[in-house]
Amino acid sequence: MNKKTTVLVILALLLSSSVLFLGYTKARNPKKIYKVYLDGKTIGAIYSKDELENYIDNEQNEIKSKYGVDKVYLPNNLDIEEEVTYSNDIASAGEIYEDIKDIAPFTIKGYEITIKGVKTTTEEGEKQTETKKIYVLDKQVFEDALKTTINAFVTPEQYEQYMNDTQEEIKDVGSIIEELGIQNEITIKSANISTEEEIFQNKDELSRYLLFGTLNEQKKYTIKEGDNIADVAYKNRLSTEEFLIANPDITSEDNLLYAGQEVNLGIIDPVFKLEEVDYVVEVQTKEYDTIIERDPTLANGVEKVKQKGKNGTVKVRKKVKKVNGETVSMYETQSEELSPAVDKIVIVGTKVISGVGNPGIWAWPTNKPYTITSPYGYRWGKLHEGNDIAGPGYNSPIYAANNGVVIEAGYTSYNGNHITIDHQNGYYTTYGHLASIMVKTGQKVEMGQQIGKMGRTGFATGVHLHFGAWR
């Protein structure tokens, strides 16, 4: 190899080494970038987090228009972390946007409201109700909706007077609200809300959800000629109270309906529990008792009225507790007799088979005065097969409504201590939630005989007698 060739080779090697060295130096210069993660998985890297945020905001005009907002934010499941790297594999904001726009919902600023569940007692026992989350853009929408829903149970006038402490004192008879509050714990916090969530934008839509517990369309009914509230409610498995709550524009079960009027028949299932305690003063009729005098010389079925009965009156002061409009307990604080009741005395023949009741004469099963807290009929979509009678108090006597034979005396989780009597004339009666039982299965009983004491055993929210009769 001559000198010229040798110089050329050395020069070539030097140039090659220089290129390699310069290239290596360039590749090793570190740079700050932002790694983008979706649900914890890397989807790329960008130079600017702000650029991606601005790109998303500029592209999502449809969301801005739908919700009336000025800015759209990153998805909640998208994380961006700053890193230092030597890699040149950097994506543009537009490329990242195209990768996520159809799989990751964007977010907007609003409020997350959590309504924590409370413990409740059901036929199956005690359980925790479901915790609900509600999303709004404006806190005022929730506050207005909550007030509207409360007004389904308490009239706006009652609510305002209670809140402003302007209820008029009871001078003779009437009622006032002593306590009113939501049992649930409610928290409100600002949040980036996913546009996949149900975001309530007006109070009417939200109040319907708060009342019925669902976003599904509620069942409607068009009133026909001759319809009345009680019949429409019963045929659709509602109590009249539930019907009025579901139709707050109808203020009383005595309101007249008109043909063509559309009413709501949805079964209410509020997402919160509104507890109300009322102090009530009212004059009640004290019904007379029927006293039976037996004459063994008269044949069965022969009756003679020895003394006509006359009802009396009594002024009762009581506390009534309601949850979401339903009376769950009641107790008297004071009663004052205004006029005495006069007993009716009936002489009846006793030439009968022992244990057979007279179908024409029945005795009331509790002491008086009393209050029927829940009558026979539909309640919360289920048929309540009897009357709930409260008032006389815990351990007060329970009486057989007629002669008969005890065919059941025991305990179940629903009725608690209970008694069933076969009156051997086609009729049966049942007595539930007793504090104690004073008869046995197979025992013959007479009308007016004490068979137990009033209590709240089984599935009972307060002290009362569940009294049912059927043929």
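How many helices and strands does the chain have? The chain has nine helices and 29 strands. The model is a predicted one.

## Overall form

The chain has a radius of gyration of 37 Å, whereas a compact globule of 471 residues would have one near 23 Å. The C-alpha trace spans about 160 × 50 × 45 Å along its principal axes. Of the 471 residues, 39% count as buried. Contacts reach far along the sequence: of those between residues at least 6 apart, 71% join residues at least 24 apart.

## A four-stranded sheet and its helix

One open sheet has four strands in the order E9-E4-E7-E10. Its pairing is mixed. Strand E9 (186–194) and strand E10 (199–200) stand at the edges with a single partner strand each, so one side of each has no neighbour in the sheet.

Strand E7 covers residues 132–136. E7 and E10 pair in the parallel sense, over two bridges. Here Val-136 stands opposite Phe-200 in E10.

Helix H7 (residues 203–212) lies across E7, E10 and strand E4 (107–115). H7 runs at about 175 degrees to E7. Angles go from 0 to 180 degrees between N-to-C directions, so helix H7 and strand E7 point in nearly opposite directions.

## Nonpolar cores

The largest nonpolar core holds 27 residues. Ile-115, Ile-134, Val-136, Leu-206, Leu-210 and Phe-272 touch the most other members. Six elements are named as giving two or more residues to this core: E4, E7, H7, helix H5 (139–150), strand E8 (174–182) and helix H9 (240–246). A second, separate core has 23 residues, including Leu-38, Ile-46, Tyr-67 and Ile-80.

What does Ile-134 touch, leaving aside neighbours within four places in sequence? Ile-134 is in contact with Tyr-111, Glu-112, Ile-113 and Ile-115. Its other contacts are Phe-200, Leu-206, Tyr-209 and Leu-210. Ile-115, Leu-206 and Leu-210 are again among the core members that touch the most others.

## A buried lysine

Is Lys-315 buried or exposed? Its relative accessibility is 13%, under the 20% cut-off, so Lys-315 counts as buried. Lys-315 is found in strand E16 (residues 312–323). A polar contact of 2.8 Å joins its side chain to that of Asp-172. Not counting residues up to four places away in sequence, Lys-315 touches Asp-172, Val-281, Glu-282, Val-283, Gln-334, Ser-335, Glu-336 and Leu-338.

## Around Ser-329

Ser-329 lies in strand E17 (residues 326–339). At 21% relative accessibility, Ser-329 counts as partly exposed, because the cut-off for buried is under 20%. Beyond neighbours within four places in sequence, Ser-329 is in contact with Lys-319, Val-320, Lys-321, Thr-461 and Gly-462. Ser-329 and Val-277 are 52 residues apart in sequence, but their C-alpha atoms are 9.6 Å apart in space.

## Pairing of strand E29

Strand E29 (residues 465–470) runs antiparallel to strand E22 (residues 387–390), and three bridges join them. In this pair, Asn-387 has Phe-467 of E29 as its bridge partner. E29 also runs antiparallel to strand E26 (residues 428–437), here with five bridges. Thr-430 has Gly-468 of E29 as its bridge partner.

## Backbone exceptions

Most residues other than glycine have a negative phi, and most peptide bonds are trans. Two residues other than glycine with positive phi are listed below.

| Residue | Phi | Relative accessibility | Loop |
|---|---|---|---|
| Asp-165 | near 55 degrees | 72%, exposed | between helix H6 (156–163) and E8 |
| Asn-395 | near 70 degrees | 38%, partly exposed | between E22 and strand E23 (397–399) |

Where does Pro-369 lie? Pro-369 is in the loop between strand E18 (344–351) and strand E19 (371–374). The peptide bond that joins Lys-368 and Pro-369 is cis, with omega about 0 degrees.

How values were computed. Residues are numbered from 1 along each chain as its sequence is written. This is a predicted model: local features need pLDDT of at least 70, side-chain atom pairs count only at pLDDT 80 or more; totals for chains, interfaces and linings use all residues. Side-chain values use heavy atoms; hydrogens and water are left out. Two strands pair if DSSP finds at least two bridges between them. Contact means heavy atoms within 4.5 Å. Buried means under 20% relative accessible area, exposed over 50%, partly exposed in between (1.4 Å probe, protein chains only). A polar contact is a pair of N or O atoms within 3.5 Å; within protein, one must be able to donate a hydrogen and the other to accept it, and residues adjacent in sequence count only if both atoms are side-chain atoms. A nonpolar core is a set of buried Ala, Val, Leu, Ile, Met, Phe, Trp, Tyr and Cys residues joined through side-chain atoms within 4.5 Å. The radius of gyration is taken over C-alpha atoms; the globule rule is 2.2 Å times the number of residues to the power 0.38.
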